[in-house]
Amino acid sequence: MPGNHCRDGGTAPPSGREAPASSARPGGGAAAASPPRAPPRRVALPFGGTFGRVLLSLLSSLILCLCGGAMAASDTEEHLQNAGCRTLSLSAHVGFDSLPDQLIRKSIKHGFCFNILCIGETGIGKSALVSSLFNTDFEDSPSTHFLSSVRLRAQTFELQESNVLLKLTVVKTVGFGDQMNKADSYQPIVDYVDAQFEAYLEEELKVIRSLFSYHDTRIHVCLYFISPTGRSLKTIDLLTMRSLDSKVNIIPVIGKADSISKTELQEFKKKIMSELTSNGIRIYQCPTDDETVSEINSITNGYLPFAVVGSMEKVKIGNKMERARQYPWGIVKVENENHCDTIKLRRMLCINMEDLKDKTRAYYESYRRCRLEKLGCRDIGPENKSVRLPCFQSHTDRKNCHSNASVERQVVVLVLTEFEHLTLMHQEEELKLGKEKKLLEDEKTQFVEKKAVTESSQSQVSVSSPVSLKTQGLQKVSHQRAMRKFFTFTFITQIAIIF
């Protein structure tokens, strides 16, 4: 019987201090390139301040590292000597030690953003897990199994815990794995991830840009839901993760893990990790180089893939109401680490949120480099010299630039980039195709009209004069007979004259 590891009477871990209820206030977010997303909604988080405290502690640790905690004293002195700097001591207090506090205040005022991509079959529990992770009912509409292709649905929410504001974007697949032909089911997902990179690149290349206030929709983490079959990964799972492991941080999770026993679950986890390794698929591993989180991250890495259970329903257990799933054979508590790994997944996301963003920036840099190289952009010129923009050239170079026509042409090429050139060509092709399409439609309309006129005239002739057609047929036959007689008479006459 399933679920022998989730029986009634399990002890839930302490939930911590209860935080004061936060008020929800409306907020707006920028829409992603594709697909269209609903306007963000602000939701107050009910659980005890964990999420906000973790963000603040991470920010404080990062600032301490920037202020001197990340580098040993000897390494710092050697680095400064190599850079030509001298280390001096202050005779009195100056005041720039308040820079970390300024950065904290600025970050809290601006808020944080985090984007999650959930990939999995319809009904595997994507919405329930996301709601359980953030202790908020996101009220997602159910999906159908009868879609002809895979689609993506993006929703943006503004969550507030204590005084920390988080703009959360949740992107879910709709109709994934429901088609008869699943060969290209992963392609819309790859296109969506690339579209977010492209949108950020376009914003970055603008002359007047506002990256500080830009709603960054690049995917920071991908929760890939694996069906709890207990056997092995499906072909569509391997193809999808292989096409995404170089673009996004993948965290595999086993959805609805309460449907198989504890022994089967452990064996299934080993099979999944073995297949991922043998197929060369890279998944996200928590960093262990930071001493503050190395121990907990090392333990967390051992639980991959996470066996998760999601539910927003509350069941009365003893004198408390807890989120759980109730079955005839027992109760599965969502926040009990002996029953599932939902709490471990939440802890992993909160502790390593900045690391996930850093790795996303690395993926974006790889995409940006390949994209610009395709457009002909290079850092090194034909003579192995670094390429500099005209505004950063020296006075002598600028003087020669004005007197040299070839250099002026190079400046024009720098100003009118290959990207703009391709954009203009694309617009011209669209206009040309539009004109051709209009001409074809006009010809089609004329042909249909002529065809209708011809068919109507033929029908009128056939209906109005059936007798005349018969008479014409008899006249034609008699004419043929007369001609035959004439030719026969002529032939006989010629023979008679000869003889």
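**Disulfides.** I searched the whole structure, which is a predicted model, for disulfides and found zero. I also looked up two cysteines: Cys286 is buried, with a relative accessible area of 4%, and Cys340 counts as buried at 4% relative accessibility.

**Sheet S8-S9-S10.** I then traced an open sheet of three strands, in the order S8-S9-S10, and noted that the pairing is antiparallel. Its edge strands are S8 (314–317) and S10 (330–333), each of which pairs on one side only. On average, neighbouring strands of this sheet are turned by 65° against each other, direction ignored. Between S8 and S9 (residues 320–327) I noted four bridges, and I recorded Met321 in S9 as the bridge partner of Lys316.

**Core.** Which residues have the most contacts inside the largest nonpolar core? In this core of 68 residues they are Leu117, Phe134, Leu223, Ile251 and Leu345. Helix H5 (residues 187–204) gives the largest share of the core, seven residues. I followed Leu223 further and, leaving aside its neighbours within four places in sequence, found it in contact with residues including Leu117, Ile251 and Leu345, as well as Ile116, Cys118 and Leu133.

**Helix H9.** Leu345 is also among the buried residues of H9, a helix spanning residues 342–351 that is mostly covered, with nine of its 10 residues buried. Others on that list include Lys344, Arg346 and Cys350.

**Salt bridges.** I counted 17 salt bridges in the structure and looked at three of them individually.

Glu204 forms a salt bridge with Arg368, with 3.2 Å between the closest N and O atoms. Because Glu204 lies in helix H5 and Arg368 in helix H10 (residues 353–374), this pair ties together parts that are 164 residues apart in sequence. Glu204 is buried, with a relative accessible area of 18%, whereas Arg368 is partly exposed, with a relative accessible area of 27%.

Is the pair of Lys344 and Asp341 buried or exposed? Their closest N and O atoms are 3.4 Å apart, and both partners are buried, Lys344 at 6% relative accessibility and Asp341 at 7%.

Arg369 forms a salt bridge with Glu373, the closest N and O atoms being 3.9 Å apart. Both residues lie in helix H10, four residues apart, about one turn of the helix. Arg369 counts as partly exposed at 46% relative accessibility, and Glu373 counts as partly exposed at 36%. Finally, I noted that salt bridges sharing partners join Lys269, Glu337, Asp341, Lys344 and Arg347 into one network.

Key
Residues are numbered from 1 along each chain as its sequence is written. This is a predicted model: local features need pLDDT of at least 70, side-chain atom pairs count only at pLDDT 80 or more; totals for chains, interfaces and linings use all residues. Side-chain values use heavy atoms; hydrogens and water are left out. A disulfide is a pair of cysteine sulfur atoms within 2.5 Å. Buried means under 20% relative accessible area, exposed over 50%, partly exposed in between (1.4 Å probe, protein chains only). Two strands pair if DSSP finds at least two bridges between them. Helices (H or I, at least four residues) and strands (E, at least two) are DSSP runs, numbered from the N terminus. Axes are lines fitted to C-alpha atoms, for helices over the stretch in contact, and angles run from 0 to 180 degrees between N-to-C directions. A nonpolar core is a set of buried Ala, Val, Leu, Ile, Met, Phe, Trp, Tyr and Cys residues joined through side-chain atoms within 4.5 Å. Contact means heavy atoms within 4.5 Å. A salt bridge is a side-chain nitrogen of Lys or Arg within 4 Å of a carboxyl oxygen of Asp or Glu.
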